[in-house]
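Take a walk through this fold, one helix at a time. Keep the sequence beside the picture as you read.

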Amino acid sequence: MMDMFEWHKKIKEVKVIDGVNLFPISWLGAKDFCEYQLYLEKFVGVEVEKTYEMILGSEVHARLEEEHLEKATEKMTILEAIEDSERTGRILTAREVSIKSLKNGIYGRIDEVTIMPDRIVIIDDKPGDKVYLGHKKQVWGYCIGFMDQFNVNKKIICSVRNRDTKEFLWVDDFDKDAMEIIRKDIQSIHDLINELRDAVPSDNVNKCMKCRFRNVCDKSLL
Ligand code: SF4
């Protein structure tokens, strides 16, 4: 069934469901790089060219999804897969799992989820071998969204995997500390959406040097 929602009147990609604002979980990673960049792109609507890595990333994601569908042997919902795994002990894999949480006001699509009888592994595919805090925060957002959406009460493992080599780069329990950190970040983005505070620019000149908004940003350190 299609999700019923409307788009926020001023801010790109924010959905409104039953009066609740939901923002994309990927914003949690973007915020960690530079909140002001997120503000320029989504709140002000400044447009700059996509980088080569972004275009390649979309293509690779589409290819991985295609490969998964070719290999997939069964079609079932996430709840059916959880029930099946608990009953039979099988390990099942799902790709591009859509989630939304009205409780936390977030939505997104998880690259891959491995369902085991006693745990769920949330996997985010990234290019390269370096894992930044922003990557972890995005995965923590997926974890909280998954728990809310499917009402899961079992161990959740978060991970980042190299998109090309399939090597796991970071694996950790989704624990209380991670949940507390990400809840604060989620609230902080909702405060931005609700115009309760201003976006904070980066204080790191190296980020500005790498930023694709550096030529249009009025807060650039360059
Ligand atoms: S130039 Fe610097 S302050 Fe401006 S958006 Fe980019 S990273 Fe943020």
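In α5, the buried residues are K136, K137, Q138, V139, W140, G141, Y142, C143, I144, G145, F146 and M147. Buried has a strict meaning: 20 or more other C-beta atoms lie within 10 Å of the residue's own. With 12 or fewer the residue is exposed, in between it is partly exposed, and the C-beta atoms are placed from the backbone. The name α5 follows a rule too: helices (H or I, at least four residues) and strands (E, at least two) are DSSP runs, numbered from the N terminus. Everything here is a predicted model, in which local features need pLDDT of at least 70, side-chain atom pairs count only at pLDDT 80 or more, and totals for chains, interfaces and linings use all residues. Residues are numbered from 1 along each chain as its sequence is written.

Now trace α5 from end to end. It has 18 residues and spans 26 Å from its first C-alpha to its last. That is close to the 26 Å expected at 1.5 Å a residue. The expected span is 1.5 Å times one less than the number of residues.

α5 also matters for counting the core. A nonpolar core is a set of buried Ala, Val, Leu, Ile, Met, Phe, Trp, Tyr and Cys residues joined through C-beta atoms within 7 Å. The largest one has 42 residues, and I122, Y142, C143 and F146 have the most contacts inside it. The largest share of this core, seven residues, comes from α5. Which residues does F146 contact, leaving aside its neighbours within four places in sequence? They are I99, I110, I120, I122 and V152. Contact means that the two C-beta atoms, placed from the backbone, lie within 7 Å.

Just past this helix comes N151, with a positive phi near 50 degrees. Most residues other than glycine have a negative phi. N151 is not a glycine, yet its phi is positive. It sits in the loop between α5 and β7 (155–162). N151 is exposed, with 8 other C-beta atoms within 10 Å. E13 has a positive phi as well, of about 70 degrees, and is not a glycine either. Its place is the loop between β1 (6–7) and β2 (15–17). E13 has 14 C-beta neighbours inside 10 Å and counts as partly exposed.

Move on to α6, residues 176–193. Its 18 residues reach 26 Å from first C-alpha to last, close to the 26 Å expected. Where do its buried residues I182, I186, I189 and L192 point? They cover an arc of only 115 degrees around the axis, so they lie on the same side of α6. The arc is that of the directions from the helix axis to the C-beta atoms. An α-helix has 3.6 residues a turn, so residues three or four places apart point the same way. The face turned away from the buried side carries the exposed residues K176, D177, E180, K184, Q187 and D191. The cover over the buried residues of α6 includes β3 (20–24), α1 (26–33), α2 (35–44), β5 (106–115) and α5 (133–150). After α6 comes E195, whose phi is positive, near 55 degrees.

Next, look at α2. Seven of its ten residues are buried, so the helix is mostly covered. The buried ones are E35, Y36, Q37, L38, Y39, L40 and K42. They pack against α1 and α6. Just after α2, G45 takes a positive phi of about 85 degrees.

α2 also leads to the ligand. Around the ligand there are 15 residues, and C34, Q37, C208, C211 and C217 come nearest. A residue is near a molecule if its C-beta atom, placed from the backbone, lies within 6 Å of it. Two elements, α2 and α7 (205–210), give two or more residues to this shell. α2 gives the most, with three residues. The shell divides into nine nonpolar, three polar and three charged residues. Here Ala, Val, Leu, Ile, Met, Phe, Trp, Tyr, Cys and Pro count as nonpolar, Asp, Glu, Lys and Arg as charged, and the others, Gly among them, as polar.

Finish at α3, residues 52–71, where L56 lies. L56 is partly exposed, with 13 other C-beta atoms within 10 Å. L64 is found in α3 too. With 18 C-beta neighbours inside 10 Å, L64 counts as partly exposed. Its C-alpha atom and that of R95 are separated by 8.9 Å, though the two are 31 residues apart along the chain.
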